[in-house]
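Me: I'd like to learn how to read a few features of a protein model. Could you walk me through them, starting with salt bridges inside a helix?

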Amino acid sequence: MKVGIPRAFLYYKYHVLWETFFEELGIDYIVSPETNKDIIKRGEAHAMDESCLSSKIFTGHVDYLIDKCDYIFIPRVATLGSHKETVCSKFQAIYDVINNIYREKNLKILYYSIDILNKDTELKAFLKMGKFLGKKKVQVLKAYYIAKQAEKTAKMIDLNNQNNLLDSDKLKILVVSHPYNIYDEYIGKPIMDTLNELGCEAILACVVDEKKARDRAKKISGTLPWTFNKELVGAISLYKEKVDGIILVSSFPCGPDSLVNEMILRRLKGKPIINLILDGQEGTAGMETRIESFVDILNLQKEGGIHE
Ligand code: SF4
């Protein structure tokens, strides 16, 4: 049996966990390639018009994987934390959405479902998935705990690397984006490349101690409902004194980000900030120009040429 993993959405948050889990169980898997023009076109052709760009990209990766594997891996996540929290509805609905889009193809989907509020924990979800894969409980438990350890280690390494960047003398810019946008080759990498070419150090808000960030988010808003946005908002609070400016990056049209970014722009004082919306259209010239002007202003400010 071969499992196909779409390189989109939660892949960027959980790929170490997933890949290690499948490897430990001896399950063969493939990951779709980095997003490219063809994948974007596939996503746009099949996804609902009103979907956000990130979910169109996810659909494009699923489309690529059809006929290349036996099962496509699409986890479903509803709630991950306290009773006041949820995640964007796309992560609850994507399993059904994909099933519906490809209903005529009779797609085989491998999934797990997490809904902490209804006591469907991650461990329970992985145990069920392992059983579906025909593995013994003891094997699945072992694979899960090894995968969790690998995930923890990978996160620690990322965090340590980022902490080293915070000591850099370069201009430091906090990039506030969901990992599936900023790590995406087609929509996120041009931003990272531009910052790099301009001699800046990009600090990623999604590389953060997630629990600490969720706690810190309460300082900015006590009522934010979306767990992943909470982590980004908390990261702003944790990193803001160590960076020179902030770039908010969202995909079009993202409901949670549009509300949260508006709140950040209103409440965050004393730090230059811009908002970039990614629409997946060809050409990055407009985005590059905006980043260049922003960096020019930050450089002038750093050299003492602009006073608030
Ligand atoms: S948070 Fe925004 S970008 Fe992410 S899946 Fe939801 S609508 Fe799309």
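Reply: Happy to. Look at helix H2 (residues 37-46): Arg42 and Asp38 are four residues apart there, so about one helical turn separates them. The two form a salt bridge, with their closest N and O atoms 3.0 Å apart. Keep in mind that this is a predicted model.

Me: Are Arg42 and Asp38 buried or exposed?

Reply: Neither label fits, because buried means under 20% relative accessible area and exposed means over 50%. Arg42 has 24% relative accessibility and counts as partly exposed. Asp38, with a relative accessible area of 40%, is partly exposed too.

Me: How many salt bridges does a search of the whole structure find?

Reply: The search finds 18. Some pairs join separate elements, and Glu122 with Lys148 is a good case: their closest N and O atoms are 2.7 Å apart. Glu122 belongs to helix H5 and Lys148 to helix H6, so this pair ties together parts that are 26 residues apart in sequence. As for accessibility, Glu122 counts as buried at 14%, whereas Lys148 counts as partly exposed at 26%.

Me: Which residue forms a salt bridge with Lys155, and where do the partners lie?

Reply: The partner is Glu210, and the closest N and O atoms of this pair are 3.3 Å apart. Glu210 sits in helix H9 (residues 210-220) and Lys155 in helix H6, so parts that are 55 residues apart in sequence are tied together. Salt bridges with shared partners join Lys155 and Glu210 with Lys13, Arg214 and Glu231 in one network. Lys155 itself is partly exposed, at 33% relative accessibility.

Me: H6 keeps coming up. What can I read from its span and its buried residues?

Reply: For the span, compare the end-to-end C-alpha distance with the value expected at 1.5 Å a residue. Helix H6 (residues 137-165) has 29 residues and reaches 42 Å, close to the expected 42 Å. Its buried residues are Val140, Ala143, Tyr144, Ala147, Glu151 and Gln162. Their cover includes H1, H5, strand S8 (200-204) and helix H10 (227-239).

Me: H1 and H5 both appear in that cover. How do I read the way they pack against each other?

Reply: Start with the axes, then turn to the side chains. The axes of helix H1 (residues 11-24) and helix H5 (residues 122-132) come within 12 Å and cross at roughly 35°. The crossing is right-handed. On the H1 side, the contact is made by Tyr14, Leu17, Trp18, Phe21 and Phe22, and on the H5 side by Glu122, Phe126 and Met129. Sorted by class, that gives seven nonpolar residues, no polar ones and one charged. Glu122 is also the residue you met in the salt bridge with Lys148.

Me: How would I read the surroundings of a single residue, say Asn229 in H10?

Reply: Check its accessibility, then its contacts beyond its sequence neighbours. Asn229 is buried, with a relative accessible area of 4%. Setting aside neighbours within four places in sequence, Asn229 contacts His178, Leu224, Pro256, Asp257 and Val260.

Me: And what does the same reading give for Met263?

Reply: Met263 is in helix H11 (residues 255-267) and is buried, with a relative accessible area of 13%. Leaving out neighbours within four places in sequence, its contacts are Ile220, Ser221 and Val233. You can also look along the chain: Thr284 is 21 residues from Met263, and their C-alpha atoms are separated by 27 Å.

Key
Residues are numbered from 1 along each chain as its sequence is written. This is a predicted model: local features need pLDDT of at least 70, side-chain atom pairs count only at pLDDT 80 or more; totals for chains, interfaces and linings use all residues. Side-chain values use heavy atoms; hydrogens and water are left out. Axes are lines fitted to C-alpha atoms, for helices over the stretch in contact, and angles run from 0 to 180 degrees between N-to-C directions. Helices (H or I, at least four residues) and strands (E, at least two) are DSSP runs, numbered from the N terminus. A crossing is left-handed if the near helix is turned anticlockwise from the far one by less than a right angle, and right-handed if clockwise. Contact means heavy atoms within 4.5 Å. Ala, Val, Leu, Ile, Met, Phe, Trp, Tyr, Cys and Pro count as nonpolar, Asp, Glu, Lys and Arg as charged, and the others, Gly among them, as polar. The expected span of a helix is 1.5 Å times one less than its number of residues. Buried means under 20% relative accessible area, exposed over 50%, partly exposed in between (1.4 Å probe, protein chains only). A salt bridge is a side-chain nitrogen of Lys or Arg within 4 Å of a carboxyl oxygen of Asp or Glu.
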